[in-house]
Each structure stands twice: as C-alpha cells, then as structure tokens.
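Work through the exercises below with the model open beside you. Try each task before you read its solution.

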Amino acid sequence: MAAPSICVPGQRLGRLDDNTTSGNGTYERNGFIYSSLAGYLESKDIDDGKKLVEVRTDTKKNIVPSVDAIVTARITNVTPRFCKCIMLSVGKTPLNEPFRGMLRKEDVRATEKDKVEMYKCFRPGDIIVARVLSLGDAHSYLLSTTENELGVVMAVSEAGATMVPISWCKMKCPKTMSEEPRKVAKVQPQFLQYSGT
Amino acid sequence: MAGLELLSDQGFRIDGRRPHELRKIQCRLGIFKQADGSAYIEQGNTKVLAAVYGPHEIRGSRGKALHDKVLVNCQYSMATFSTGERKRRPRGDRKSQEMTMHLKQTFDAAIQTALYPRSQIDIFVEVLQSDGGNYCASVNAATLAVIDAGIPMKDYVCACSASFVSDTPIVDISYLEESSGGPELIVATLPKSEQIVFLEQNSRLHEDNLSKVLDLAVKGTKDVHHVLDQAVREHVSQVSAFENTDQS
C-alpha cells in the first residue's frame, strides 16, 4: 500500500459526485469534499459501488451522544419519578468524559407505563443500555428503555455479587439466591460488545 | 521623532525586516498531556500558549447551552510578566474581555459547530510575552490547539496584522510599530477559501490605501498558514510514527 497521505483542515480532497460520499472528518462545499481534521486520507469502497472518503486521526474520536443513539450508562440516582445516570459510551465508542442523562418513569417500558415503579426497575450502580430519546429540555439527555433489548445489563446484588437475569423483570444473585426486580435487557450479541465485556 | 524611523531609507524596518516580511514563527503542537489539544507559538518575541478542552458537557450555567450547535468558550489572559510594565490583572480587564470576545467570534466561524449540539469547547489562551500582534499569535496558537484536539474545522484560521508607514504597507507589526500611533489593521482569514472571518482597524487610514494594506495582511495570513501547515503535517507524521513503534 502506498504511504497514506496526510491531510489538514481546509484541504480539498476531491470532487463530490454520484460515486463518492464524504465520511468522517470531511465536509462538503460547492461540490467538493474538504478535510476538516488533520490526519490520514482513507478512501474505501462501500457496497453500492460508491467510494467513501474519510480522514482518519490517531487521537481518540471526540463524540457526543445524538438522538436515537444506543448508549451505555450507569445509574447514579433513583427517585419515584425518574432516575439519573451518567452515559459512559455511545455505540461502541467510549466517551472521553461522561455526559449526564435522565430516564423518566414513562420511558422505562412500552406497556403498562402507569404501573412502573422506579425502584423495581433500576438501582444505583446498575449498568444499563438505553436509547437517546431527545436532547432534553436544557437539563440533560432524555433516555428510554422501552424496547426488549434495552434495560439493565449488569447489576450487583445486595450481597455484592453480579446478578444473573432470570426473566425480563427479575435478576438472581448467585451467592444468596435472592431475587431482585429489574427492568432486564434481553442482551443481544451486539450490545454485549458495546458494554465491552 | 528623531532616532525612531519605522522604515529606513534603504527600506528596512527597525528589526531589520523588509516591509513584506513576517517575523520568525516557531510552533509546537501537543505540549500538554491534560488538555485535549494544545499548542505553543512564537512570532518574533510574542509568545503564546493555547489549550483546548472538549467538546464536553456544558459547564457552569447550563442555560448557555445552544440546542443546535456547540458553545465555544474562550479565555484570553496575559501573564503579569508579559509586558514591559508589570500587569496587575492577567484577565478580566477591558482589553482581555474584548480579545476573548473576538477569539470566540473567530472560532465560532471556523469550527464546525453544528456537529456537537449542546456541548462546549473551551479555548484557553495565555500570552507569555507580548511584542505586538497578540491577537494574531493567539488565533494562530488556538488554531493549532484546535487541530491538535481533533475538532473539525472548515479550515485553518490564520491572523496577521499590517500597518502603513511612509506610503508603504508593512506586515506583522511589532510592539514598537504598533505603539507609534500609525494605523493598524488586523485580519483573520480562512486561507484556503480566502474568506475573512475577522477584521479590525485601529487609528486612521486613508481609504485609498486600505486595499493595499488589506491585501498585504491577507497575504501575511497565507504565509502564516504555510508555516502552520508544515508544523501540523510534521506533527501528524511524528505522532503516528511514535504510535506505530509503540504497538510493535
């Protein structure tokens, strides 16, 4: 492979036409693709015969949570109406610094919303997988776990052992065999990857 | 004024430069571990440090958050020992506040702010030694720091000053030339697309001469861009070379 070429912000990378798409670290202006980062130029072919032009950097990518993204978060605070958490990663990318999020009672599950009891769904310290609902109202990000795949993925029991899920609403402590209620996520392989285990 | 002619008969300036010559620029990227991006620049005797943090969650008053773009927060400060006469307040005085605002406006225009809604980017600039062209050096240092932080920008922002002495436009003026009472034009551009993002003028300059001075200043920003560009390319190749040896 030829030595990858270095590009810098504002550098023109090529013409924007039907066969090319601009990816990370680039932007489009006046029918051309420009670089917006300092890094290495990378162009690869994606499925429908198009060429994706990207700028790759060695430094870790800076990202912020966006609407509809799947995030991994740790519960910090539980109240009857909502619980607060800090988001640790977005998709597969860990966040450089934690962002605060809020999960309201109405957004815990899709059915029987009015019967949700926050204490029976989450406890402080639980690791959850959630979807970003909206960018909140000037406070913090609003999260939702109204899908089967979303909810608690890791929790520690009162005895201090990591619990195993036994149903969608219960987890069991392997040490004391006691059961604790949680809104358990039906963990999918891709989410297992997300939580980095 | 006797003994203080800014441009000699031979066409040299006080520090021996020709009218169109910049001072020597030396710069380094990534000088702090803690900051996400940092840079140090020397333009002649003007020395500036810049550090960039972010994008991160809004700090301080959360009401400042912008729902569709990132908040660029700048702080300009001058070390107490940076000037000939010791400064009392490193920041917070009128001049620094104005400078802070100008930096904010400049980088609002250059950073792709729409990518990080409801977040904040902090740019801290510290002037260690001041010899004219503080704003220019600050902008140039902050540009390098932003690039080092990996924050997407439309282009470099390069700034340069210019003046007009005895019918000749001079570029990148030093403290002596700045304080002689002549006109001072400060311009910041996106050099590749030739867009002006900031323009300031102090003192009076005849309209007929404006375009001459402006042209020279814009050319100065392109020269600055050339120097910064080389530094960034060198830094990028060095960093990756280092990482490759790290892995093996």
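**Exercise 1. State how much area is buried between chain A and chain B, then describe the contact.**

Step 1. About 2600 Å² is buried between chain A and chain B. Carbon and sulfur atoms give 49% of that area. Buried area is the accessible area (1.4 Å probe) that two parts lose on being put together, summed over both.

Step 2. Chain A brings 28 residues to the contact and chain B brings 34 residues. Contact means heavy atoms within 4.5 Å.

Step 3. Some ground rules apply to every exercise. This is a predicted model, where local features need pLDDT of at least 70 and side-chain atom pairs count only at pLDDT 80 or more, while totals for chains, interfaces and linings use all residues. Residues are numbered from 1 along each chain as its sequence is written, chains are lettered from A and ligands numbered from 1 in the order in which they are written, and side-chain values use heavy atoms, with hydrogens and water left out.

**Exercise 2. Find the salt bridge between chain A and chain B.**

Step 1. The count is one salt bridge (a side-chain nitrogen of Lys or Arg within 4 Å of a carboxyl oxygen of Asp or Glu).

Step 2. Arg100(A) pairs with Glu57(B), and their closest N and O atoms are 3.4 Å apart.

Step 3. Seven residue pairs are in polar contact across this interface, both residues at pLDDT 80 or more. A polar contact is a pair of N or O atoms within 3.5 Å; within protein, one must be able to donate a hydrogen and the other to accept it, and residues adjacent in sequence count only if both atoms are side-chain atoms.

**Exercise 3. Which salt bridge joins Asp126(A), and where do its two residues lie?**

Step 1. Asp126(A) meets Arg182(A) at 2.6 Å, N to O.

Step 2. Asp126(A) lies in the loop between S10 and strand S11 (127-134) of chain A, and Arg182(A) in the loop between strand S16 (179-181) and helix H1 (189-194), so the pair ties together parts 56 residues apart in sequence. Helices (H or I, at least four residues) and strands (E, at least two) are DSSP runs, numbered from the N terminus.

Step 3. Both Asp126(A) and Arg182(A) are buried. Buried means under 20% relative accessible area, exposed over 50%, partly exposed in between (1.4 Å probe, protein chains only).

**Exercise 4. Classify the pair Tyr53(B) and Phe124(B), then the pair Tyr135(B) and Phe198(B).**

Step 1. Recall the rule: rings of Phe, Tyr and Trp (its six-membered ring) pair if their centres lie within 6.5 Å; planes under 30 degrees apart count as stacked, over 60 as edge-to-face and the rest as tilted. The structure holds four aromatic pairs over all chains.

Step 2. Tyr53(B) and Phe124(B) are edge-to-face, at 5.8 Å centre to centre and 75 degrees between the planes. Tyr53(B) is in strand S3 and Phe124(B) in strand S5 of chain B, so the pair ties together parts 71 residues apart in sequence. Tyr53(B) is partly exposed at 24%. Phe124(B) is partly exposed at 28%.

Step 3. The ring centres of Tyr135(B) and Phe198(B) are 4.5 Å apart with planes at 35 degrees, so this pair is tilted. Tyr135(B) sits in helix H2 and Phe198(B) in strand S9 of chain B, 63 residues apart. Both Tyr135(B) and Phe198(B) are buried.
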